[in-house]
Amino acid sequence: MYDLDVDEPSDDGCIYRFGDFDLDPRLRALRRGGQAVPLAPLPFSVLVHLIEHRSRVVGKRELLERVWRRQHVSDSALPTCIRSLRAALGDLDSPPGIVTTVRGVGYRFAAPVEVERPGSERTGPPGDFVGRARELDVLRTERATALAGRARAVFLVGEPGIGKTRLVEEFVRQPFREDARLLEGHCLEGEGAPPFWPWTQVLQAAGGAEGLSGLLGRAGHGVVAAPVGERFRLFEEVSTGLRSLAEAGGLVVVLEDLHRADVPSLRLFEFVLAELRATPVLFIGTYRDADLGRDAARASALGRIARGAESRFLELEGLSLGEVRELAQIRTGRPATDGVVSRLHEQSGGNPFFVTHLVNALATSSVAGPKVLARLPRGLRDAIAEQLAVLPERDREILRRAAVFGREFERAALARLCPSPLLVDPALHAAEEAHVLVPGRAPGTHRFSHMLVRDVLFAEVAPEERPALHEAAGAALERLHRSDPGAWLPVLAYHFAEAIPKVGAEKALRYAREASADALHRLAYEEAVEHGQRALAIAEEHDAEDATRCEILLALGDAQGRACRRPEGTKTLLRAARMARRIGAATHLAEAALRFAPGFFAVEAGIEDEALVWLLREALTVLGPADPALRAQLLGRLAMARYWVASRKELDELLDEAHLLATRHGDAATRVAVHQAMLVAGWSADNTDERLQASKRLVRLAEEAGDAESSLVARLLGVTTRMELGDLGGVERGIRELEARADEGREAYGIWYVLLLKAMCHQFRGELEAATRSAEEFRVLGERIQGVNVELSLAAFNGLLAWEQGHTEGIMDLATELSDRYRLMPVVRAILCRILLDVGAKDAARAQFEEVLADRLGCERRDPQWLWTHAFLAEACSGLGDQGRAERLYSAMEPYADRYVIAGFGVMCWGSTHRHLGQLAAMLGERARAADHFEEALARNRAIGARPFVAFTQYDYARLLGDGSQEQRVDARERVAFAGREARAMGLARLSRACDDLDAALVA
């Protein structure tokens, strides 16, 4: 018998060229001059074996064992096969020059051969690719567009086996690498894929460029305590690295089987595609739309990508009747009759994978074609099972064990599952020859030719046998990867969960928790949620201890919050809190409260979260004085949570106690947390000098503690305070410092606030087009980070900008919606009042005006919105002609005459407070005082370059002077003419119309 152990290794994945022939063993294709040469399966297998062992004579017995797999055949089978092979090669001359006979020994492949190794340039049409001309044209067009500098994404969509991957293979085989580099990533089909797996492969393919190859693997050490923007920083690094590669010569990125992608990978795809819009890169993604519909999170994430302006769908349909005929002829090596083709097309629906399996059954049968087709099953799985039936039962049993691992598996792991490891390699070789397996994507791995093949084999495993196989698979992977288990945690979690009926829940629970924690550390928040939910289900089904369940709930709630699933996270943390209270775990209760709403400020503008407030108070009660540092953090957090509704006295009491405890007992992190709470919750219009010092102090404490996020918060609040005081030089320096620090650490919220501050600067300078562009930038980034305060800031900025530009459509609805949603922020209702007045709804404006003035807390608390609220109330008061309320408003605002009106923490600047005091003084009939205020407002607005508010002030001043002497009326006309010119130059349509109306009245 031929000794398999001394056989030379085959050149897997190579293409062989001899004469004018090309042989591609993996595609079962023989071409001559680029045209397919029909060759039946048995002669084809003989040719492959001979050419792979061309350095020696191949014995007859070896060929019978390797090609016929020890089946009983007649003595004439091999000579007949050789004659068919020689006929196909045109090698029938005597003596033959390609396949020669060595009498008494065997055969030898004698022609010179050139070998094209995997990864080298491959050209020419592959033998089994038919049709898809339109799709290839679309891909070529999209590639040309992308490589011209405008990123594009093409999604190939269709049912299993329709040819998505085959189309990609054909496209990338065509010459294009002279103007683009190819990077590929594949999503694992099966359970237990590591986070970011397709992108990990893409970056590994990028090699050492920009340090990309290890980027995702390094993600997230210590991320649980890191800022929410940490993942943004990672995504930025990936985008920057890919941009560098693309700009060096173009890039084509292929991501296959996106219906199986982990959600973090899809979030990264969305981010990268947006970041690289003006970059020469083409993305090609494949997915099954039917499978995608089973997972709402994946469908939503992929839907956002695919609906983008730079994306295009190609839905693949079945092959035509003529294309089925062509494929059948290529696969069988002989023409097919019309009846056979019609039956193939009918049973397969033109699905190339289905056609191939039906044709394989046809090609290997000795029965006439129509008879074979008549008895072929209609189900694809049955057709696959029939093809598998040609393998010996011993080999099929090994393949069933391989199917436990999923579509792709390690040979070494499989060997540990088999009673006779020596039988593994022959079984794998036989499966590859039968096209059941193909080489895997990594050394030492194998892959089922299609997921359906794996499914058919796994379905043959009896349900009662599966837990033992999963346990054995998990144990094998544990031993193989004990030195670096991180990437294998999801796989181990899956296998031991499936093995619970045999080995119990202990290992399954441990690996599920470790996989969740590892995913969180790798910034794969959505995957952390999935593993956390699995851990919770196991813990509850198998009666884990309450303390363990509480810890699982805490971790799960934290992951849900970071995955932007805050409502779910809230419910989970409330469950953890209830359990912690029941078992007396005060620390766990405190952790539930502090994890409740992470974010840049950990407080949402204009909203009190009652559940959070309850939880914080509950935690303080249970904790008592036991842990002073933890208590200090809870007190500071409670002050921020109560900011919009509590009295100044209540907030001061909370902050004073927190500060005392942090000073006496707190570590660096506690002191930073408490000082941040003091700065945010202690904010008042009356403490600007104190705020400036507090922001400087927080910067120092945060940087000493290594807390980049809190350092950025402190810098931002310092910028806002300087803007209030009109320190334009300090504002510009502060923005530069904030931008440098945010860019250095790629802090998402810091970058977002920099964009917001820049938009504010454009707005108060009258650079409205630039302001609109900046607003779009911070809108796009805000949607990605999905943080608190993003929506309100954007709505306020864009809404008021549009109002001043005269774009009033939808403004009323927006203002009404915001005023209903943010009832704790009187400024929104004050703005609505002003808009109502502008559109002539005086009665509705009066009602809003009265409602805001009746809000005692809103009008008395000097929060970041207080001065802005009063500025709009002053404008409304002037429009309503309410002299009685003007005096009250003037008295409230007069102590802040030297301030500039700032929206929130730097959303917008509304100019000098003197302008609004001038409006109120004019209402009160104090013309000289009003004129003084307007003069001061003009000087202050000019000092900071607030061009729109110089124009607004001139308009208000003109209204005052228009009721005076003739000389004053002349002055008024000059001022209103100036305001009108400025308004038209800046695009302030509302002010321009008002100036025209006032000028007409002055002339009359």
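Two strands are said to pair if DSSP, a program that assigns strands and helices, finds at least two bridges between them. The views below are all taken from a predicted model.

**View A. Strand β9 beside strand β12 in a parallel sheet.** Strand β9, which covers residues 152-157, is joined to β12 by 6 bridges, and the two strands run parallel. Within this pair, Val 154 of β9 is the residue that stands opposite Ile 284 in β12. In general, the strands of a sheet pair through backbone hydrogen bonds, and they may do so either in parallel or in antiparallel fashion.

**View B. The open sheet of 5 strands, with a helix lying across part of it.** The order of the strands is β10-β11-β12-β9-β13, and their pairing is parallel. At the edges stand β10 (181-186) and β13, each of which pairs on one side only. If direction is ignored, neighbouring strands of this sheet are turned against each other by 15° on average. Helix α5, made of residues 164-173, lies across β9, β10, β11 (251-256) and β12, and its direction is at about 155° to that of β12.

**View C. The open sheet of 3 strands and helix α1.** Here the order is β5-β7-β6, and the pairing is antiparallel. Because β5 and β6 stand at the edges with a single partner strand each, one side of each of them is left without a neighbour in the sheet. Helix α1 (residues 41-52) lies across β5, β6 and β7, and it runs at about 70° to β7.

**View D. Strand β7 with its partners β5 and β6.** Strand β5 (residues 58-59) pairs with strand β7 (residues 106-109) over 2 bridges in the antiparallel sense, and Val 58 has Tyr 107 as its bridge partner in β7. On the pairing with β6 (residues 99-102), 4 bridges join the strands, which again run antiparallel, and Val 102 stands opposite Gly 106 of β7. The strands β6 and β7 form a hairpin with 3 residues between them, and in this turn Gly 104 has a positive phi of about 80°.

**View E. A salt bridge between two loops.** Side chains of opposite charge can pair when their charged atoms come close. In this view Arg 277 forms a salt bridge with Glu 310, and the closest N and O atoms of the pair are 3.3 Å apart. Arg 277 lies in the loop between α8 (263-275) and β12 (281-287), while Glu 310 lies in the loop between α10 (296-306) and β13 (311-315), so the pair ties together parts that are 33 residues apart in sequence. A search of the whole structure finds 56 salt bridges.

**View F. Helix α39 packed against helix α42.** Two packed helices are described by the angle between their axes and by the distance between those axes. The axes of α39 (residues 826-838) and α42 come within 9 Å and cross at roughly 25°. Angles under 35 degrees count as roughly parallel, and therefore α39 is described as roughly parallel to α42. The crossing of these two helices is left-handed. Among the residues that make the contact are Val 827, Ile 831 and Leu 837 of α39, together with Trp 868, Phe 872 and Leu 873 of α42. By class, the residues of this contact divide into 11 nonpolar, 2 polar and 2 charged.

**View G. Helix α40 packed against helix α42.** Helix α40 (residues 842-854) and helix α42 (residues 866-880) pack at an angle of about 140°, and their axes are 11 Å apart. That angle makes α40 oblique to α42, and the crossing of α40 and α42 is left-handed. Lys 842, Arg 846, Phe 849, Val 852 and Leu 853 of α40 meet residues of α42 that include Thr 869, Leu 873, Ala 876 and Cys 877. This contact of α40 with α42 holds 7 nonpolar, 2 polar and 2 charged residues.

Conventions:
Residues are numbered from 1 along each chain as its sequence is written. Side-chain values use heavy atoms; hydrogens and water are left out. Axes are lines fitted to C-alpha atoms, for helices over the stretch in contact, and angles run from 0 to 180 degrees between N-to-C directions. Angles under 35 degrees count as roughly parallel, over 145 as roughly antiparallel, 65 to 115 as roughly perpendicular and the rest as oblique. A crossing is left-handed if the near helix is turned anticlockwise from the far one by less than a right angle, and right-handed if clockwise. Contact means heavy atoms within 4.5 Å. Ala, Val, Leu, Ile, Met, Phe, Trp, Tyr, Cys and Pro count as nonpolar, Asp, Glu, Lys and Arg as charged, and the others, Gly among them, as polar. A salt bridge is a side-chain nitrogen of Lys or Arg within 4 Å of a carboxyl oxygen of Asp or Glu.
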